[in-house]
Each structure stands twice: as C-alpha cells, then as structure tokens.
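Visitor: I would like a close look at a single part of this protein. Please take me through that part, then show me how the rest of the chain is laid out around it.

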Amino acid sequence: MHWWPSPFPLPLCAELGFPPLNGLLWPLLLLFLWYCYRMGSDLPPPGRAHPGGKHKSGARRFMMLSRGAASGGPRETASGSEVSGVQQAPPPCISMQTSEDEDPDGREYLTPVPGRPLFPAQASAAGRKLYASLQEYAKRYGWVGMGRIHKALREQVRLSDHSTIQRPHLFFLPDVPSVPFFPRDAHRHDIELLEAQYPLILAEFQAVYQWGVDSKLGWSGPKGQTGFPLYSAGVCVAGNCRSCPYTYRTLLSLRTFISSNSLGGAGFVLLGPGVTLGGSYGPTNARLRCHLGLQTPPLCELVVGGEPQRWSEGHCLLVDDSFLHTISHKGPPEDGPRAIFSVDLWHPNVAAAERQALDFIFNPDL
C-alpha cells in the first residue's frame, strides 16, 4: 500500500479520534483565543493595579506630570531615573481623590476632595464635633443617603442667615418641606394611638400632679412652665417612667418617637395662668412635636409661624417648633394650668438612613 500526501490535511480532531466540531464551536474557540490574547497584552505597567483587580469607590487616581515628557527631554523609567543612568527626581504627583478612602486611622475622611468645599474654618467646636461623628458613622456604614446631613453640617455656620420665621438653633436639615402645623395624616398611626390611650394618660397625669409639683418628685423647669419628663434629651427618666407605666408603654408603641438621640423627648408640660412665652425656636426641623391636650382652659393659645391654634382635650396637634412660636395662657388663676402630653416625632420627610445617622451623631452618650 502506497501513501500519497493529501492536499487537504485532516483536522486535528480527526487525527486524535474526536468527532469534528460543528460550525458554531469554531467561532467560539476563535473568540476565546482572541480574549486570552487581549487579556495578556493589556497587563498594567509596574506600580499600577490591574483594572480587573479589587478596587473600591474610594480608590485614588494619579496624574503624572513629567517635565521631561513635555519638553522632549530624556526618557524616564518607572523609578524616576534616566535610561543613561543619571538619577533624577520622580515626577510630581497630584492626588485626584474622588471619594473618601477607607483609612484605618480615619484620617482620609478629612482629606479635601476637589469639587467639594472644605469644612468651614469658622465652624464652632460643636459643629466640628458633629462633623467628626458623621465621618465616624460613614466609616462604619457608608455614605449612602447622607447627602442632606453632610450638606447640613457644612452649612451649620450659616444658621443665622435663615429666615427669621424658621431658624432652628442646633441643626437645620436642608430640602425638608416644612409648615407650622402638619395634618394628622403625617403620623396617623401614632396620633390615633395617643388619642386612643388618652383616658389612661390623663389618669396618670392627674395622679402625679396630685402628688405635688416639686423637683423632688420628678418635676423640673422654671416657674410657670414646669415639666414631668419621661424622656429628656434621648435619655429615659426611669423614676418618672415607673410612675406612669401605661404612658411609658404607649411611648414604646409609637413608630416615629425619637427615643435614641438628644433631639427627642416626651413628658407632661404645664403652663400657668397669666404666663406668655414667646420668640423662641426649637433645636431642629428634623422633628415634629406632638401635643396631646390633657387640660386646656379656653384662653390658651399657640402661635407658630404666625398661625394661631388652640389645644383640645383628647386631640393632638402636630407642630414644627423650628418656626418662631409663642404660647400663652391668658386665663384667670381659677382656670388652673394648661396641661399637655408632649412627644417628639421624626419629621415624615426624614428617611430611615438619615434617622439612623442622626441617632449616631446626636447620641446622648457622646
């Protein structure tokens, strides 16, 4: 048997005894080989991370400015030395940080970022402390949803520039819709719950009031406006809560009660006959103050942002006390004091992530 060379050699798969590949697998094989070639040819130069490697949003970008390259001078290597062997200083490097890096010491969060204003140099020590708390929170949980709070803390020094009708003295959250009085639908669940528990809350108020209005019995505040706090600046007043167990349980059932930071509180508040308190602002517009009327003489009035309202026994008022507000009791002494149950609730436009961050920033233990 004579062997004659064939002008059409057999494919490799036939020589190895495998079935021939169909027409679809050949293009896929060619694409795979081309992909491997591209991946091998796109290796990064020394000193730079591979683009397909692990990276984060806080990675730094560097722009190398080389005088030699601009003037046609000697070519440099990655180490900054010329090919001829003469040592030369490495080219200057300008950091183009686009977001905060995860620095183990936390210093990178204070690094200036191009395109963002620096933290105001004239900021108070309290403002810098709040900003440091925000940075610590973002280091743990990220910056997602922190845009308004970040903007608010950078603009704390401009609180005095706000309109005289609304000027919170501690923290102003921007882009929050505000009116002096909010409708019931803003916190329907909590309002209906408070009004449903009105008889029990009233009974416990009358009990502690009959014991006497004395600082030794849990009352506090100036004469004419005295309070019996259950929560004060985010801290539970244990003795007073034990005196009002049903009211305390009602507070814990509210969905939007501010119980974990110094912006929130709850308790009974008295206003004596002939007393007028005016020209004051609340600490923040991130909350609403809910007043449940317990004992409301007819000549008592609340004016918020120029809008007057009156309390009603067994019903709630939702007030944004960051507006300029005055309260007055112009009734005779025989009418007795005006009494309300005051509860601080989150503003309905403050998101859950912002509430969590504000709890951290205004933590009463910090």
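Is glutamine 356 buried, partly exposed or exposed, and what is its relative accessible area?

Guide: Glutamine 356 is partly exposed. Its relative accessible area is 40%. That figure falls between the 20% limit for buried and the 50% limit for exposed, which is why the residue counts as partly exposed. Keep in mind that this is a predicted model.

Start with the surroundings of this residue. Glutamine 356 sits in helix α10, which covers residues 352-361. Leaving out residues up to four places away in sequence, glutamine 356 touches Tyr137 and Tyr141. Asparagine 261 is another reference point: 95 residues separate it from glutamine 356 in sequence, yet their C-alpha atoms are 9.8 Å apart.

Now take the helix itself. Several residues of α10 are buried: Glu354, Arg355, Ala357, Leu358, Phe360 and Ile361. Glutamine 356, by contrast, is partly exposed. The cover over the buried residues of α10 includes α4 (125-141), α5 and β13.

Leu358 leads on to the nonpolar cores. The largest nonpolar core has 30 residues. Within it, Leu251, Phe268, Leu294, Phe341 and Val343 touch the most other members. The elements that give two or more residues to this core are α6 (188-196), α7 (198-210), β4 (225-232), β6 (266-271), β8 (287-295), β11 (316-319) and β13 (338-346). The largest share, five residues, comes from α7. Apart from this core lies another, of 21 residues. Leu358 belongs to that other core, and Leu134, Leu153 and Phe362 are also among its members.

Valine 343 gives a close view of the largest core. Setting aside neighbours within four places in sequence, valine 343 is in contact with Leu194, Leu251, Leu254, Phe257, Gly265, Ala266, Leu288, Arg289 and Cys290.

Cys290 raises the matter of sulfur. A search of the whole structure finds zero disulfides. The sulfur closest to that of cysteine 316 is in cysteine 290, at 3.7 Å. A disulfide needs the two sulfur atoms within 2.5 Å, so this pair is too far apart for a bond. Cysteine 316 is buried, at 11% relative accessible area. Cysteine 300 is buried as well, at 2%.

Next, serine 253. This residue is placed in helix α9 (residues 245-253). It counts as partly exposed, at 42% relative accessibility. Not counting neighbours within four places in sequence, serine 253 is in contact with His189 and Leu193. Aspartate 190 lies 63 residues from serine 253 in sequence, and the C-alpha to C-alpha distance is 8.2 Å.

Two loop residues deserve a look at their backbone. Most residues other than glycine have a negative phi. Aspartate 175 has a positive phi, near 60°. It is found in the loop between α5 (147-154) and β3 (181-182). At 57% relative accessibility, aspartate 175 counts as exposed. Alanine 233 also has a positive phi, of about 55°. Its loop runs between β4 and β5 (235-236). Alanine 233 is partly exposed, at 36% relative accessibility.

Now the surface. Trp26, Leu29, Leu30, Phe32 and Leu33 form a nonpolar patch there. Together they have about 520 Å² of accessible area. Leucine 29 is in helix α2 (residues 25-41). It is partly exposed, with a relative accessible area of 36%.

Finally, step back to the whole chain. It has 366 residues, and buried residues make up 38% of them. Its secondary structure comes to 10 helices and 13 strands. Take the contacts with a separation of 6 or more: 71% of them are between residues 24 or more positions apart. The accessible surface comes to about 21700 Å². Carbon and sulfur atoms account for 59% of that surface.

Back to where you began. Glutamine 356 is a partly exposed residue in helix α10, and its contacts beyond four places in sequence are Tyr137 and Tyr141.

Conventions. Residues are numbered from 1 along each chain as its sequence is written. This is a predicted model: local features need pLDDT of at least 70, side-chain atom pairs count only at pLDDT 80 or more; totals for chains, interfaces and linings use all residues. Side-chain values use heavy atoms; hydrogens and water are left out. Patches are made of residues with over 30% relative accessible area and no salt bridge: like charges are joined within 9 Å, nonpolar side chains (Val, Leu, Ile, Met, Phe, Trp, Tyr) within 5 Å. Accessible areas come from the Shrake-Rupley method with a 1.4 Å probe; for residues, only the protein chains shown count as cover. A salt bridge is a side-chain nitrogen of Lys or Arg within 4 Å of a carboxyl oxygen of Asp or Glu. Helices (H or I, at least four residues) and strands (E, at least two) are DSSP runs, numbered from the N terminus. Buried means under 20% relative accessible area, exposed over 50%, partly exposed in between (1.4 Å probe, protein chains only). A nonpolar core is a set of buried Ala, Val, Leu, Ile, Met, Phe, Trp, Tyr and Cys residues joined through side-chain atoms within 4.5 Å. Contact means heavy atoms within 4.5 Å.
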